[in-house]
Amino acid sequence: MSNPPDGAEPLEQVLSLLEYLANELAIARRLVDQGRRIELSGLEDQVGLLCAKPLDLPPAIGRTVRPVLRALRDQVDAVAAILPTASP
């Protein structure tokens with residue numbers, strides 16, 4: 001059995017966290033679209049972890065995660081943009 005490539009485990013952790021946050025934001029978006037109130041403060045710790053985890057990656061592998069991070073940022077921006085206009 002061969003060893004996983006350098007950075008494989010941290011990369012899996014980053015990708016798993018990205019997937020989790022993307023799913024949570026998708027749910028939040030659907031709820032807001034339905035006129036429901038949402039609470040996102042619980043995501044702060046996860047976002048903080050997501051900011052820290054890529055630092056565990058070798059630079060070349062870290063660069064491969066950039067497009068997914070940008071997509072998540074766009075998803076956060078989209079939810080944030082509709083929050084002020086959501087009815088209470």
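A residue counts as buried under 20% relative accessible area, as exposed over 50%, and as partly exposed in between. Take P58 as a test case. Its relative accessibility is 28%, so P58 counts as partly exposed. P58 sits in the loop between α2 and α3. P10 is 48 residues away from P58 in sequence, yet the two C-alpha atoms are 9.4 Å apart in space.

Now step back to the whole chain. The model is a predicted one. The protein has three helices and zero strands. Along the sequence, the pattern reads α-α-α. Helix α1 covers residues 8-33 and helix α3 covers 59-82. Between them in the numbering comes α2, at 44-52.

How much of the protein is buried? Of its 88 residues, 22% are. The protein exposes about 6,300 Å². Carbon and sulfur atoms supply 55% of that area. Contacts tell another part of the story. Take those between residues at least 6 apart in sequence: 82% of them join residues at least 24 apart.

Next, look inside. In soluble globular proteins, nonpolar side chains tend to be buried together. Here, the largest nonpolar core has 11 residues. They are V14, L17, L18, L21, L25, L43, L50, L57, V65, L72 and V79. Two elements, α1 and α3, each give two or more residues to this core. The largest share comes from α1, with five residues.

Two leucines of this core, L17 and L21, deserve a visit. Start with L17, which lies in helix α1. Is L17 buried or exposed? Its relative accessibility is 7%, and buried means under 20%, so L17 counts as buried. Set aside its neighbours within four places in sequence, and L17 is in contact with Q46, L49 and L50. V47 is 30 residues from L17 along the chain, and their C-alpha atoms are separated by 8.7 Å.

Move on to L21. Which residues does L21 touch, leaving aside its neighbours within four places in sequence? Its contacts are L43, Q46, V47, L50 and L72. Q46 and L50 are thus contacts of L21, and both are contacts of L17 as well.

L21 also leads to the largest pocket, where L21 is among the residues closest to the centre. The others named there are L25, V47, L72 and V76. The volume of this pocket is about 240 Å³. In total, 15 residues line the pocket. Three elements, α1, α2 and α3, each give two or more residues to the lining. Which element gives the most? That is α3, with five residues.

What classes of residue make up the lining of the largest pocket? There are 14 nonpolar residues, one charged residue and no polar ones. Core and pocket share some residues: L21, L25 and L72 belong to the largest nonpolar core and also appear among those closest to the centre of the largest pocket.

Definitions and conventions:
Residues are numbered from 1 along each chain as its sequence is written. This is a predicted model: local features need pLDDT of at least 70, side-chain atom pairs count only at pLDDT 80 or more; totals for chains, interfaces and linings use all residues. Side-chain values use heavy atoms; hydrogens and water are left out. Helices (H or I, at least four residues) and strands (E, at least two) are DSSP runs, numbered from the N terminus. Buried means under 20% relative accessible area, exposed over 50%, partly exposed in between (1.4 Å probe, protein chains only). Contact means heavy atoms within 4.5 Å. Accessible areas come from the Shrake-Rupley method with a 1.4 Å probe; for residues, only the protein chains shown count as cover. A nonpolar core is a set of buried Ala, Val, Leu, Ile, Met, Phe, Trp, Tyr and Cys residues joined through side-chain atoms within 4.5 Å. On a 1 Å grid over the protein atoms alone, a cavity is a set of points where a 1.4 Å probe fits but cannot get out, and a pocket is an open set with protein on both sides within 12 Å along at least five of seven lines; lining residues have an atom within 4 Å of a point. Grid points are joined across faces, edges and corners, and a volume is the space filled by probe spheres set on the points. Ala, Val, Leu, Ile, Met, Phe, Trp, Tyr, Cys and Pro count as nonpolar, Asp, Glu, Lys and Arg as charged, and the others, Gly among them, as polar.
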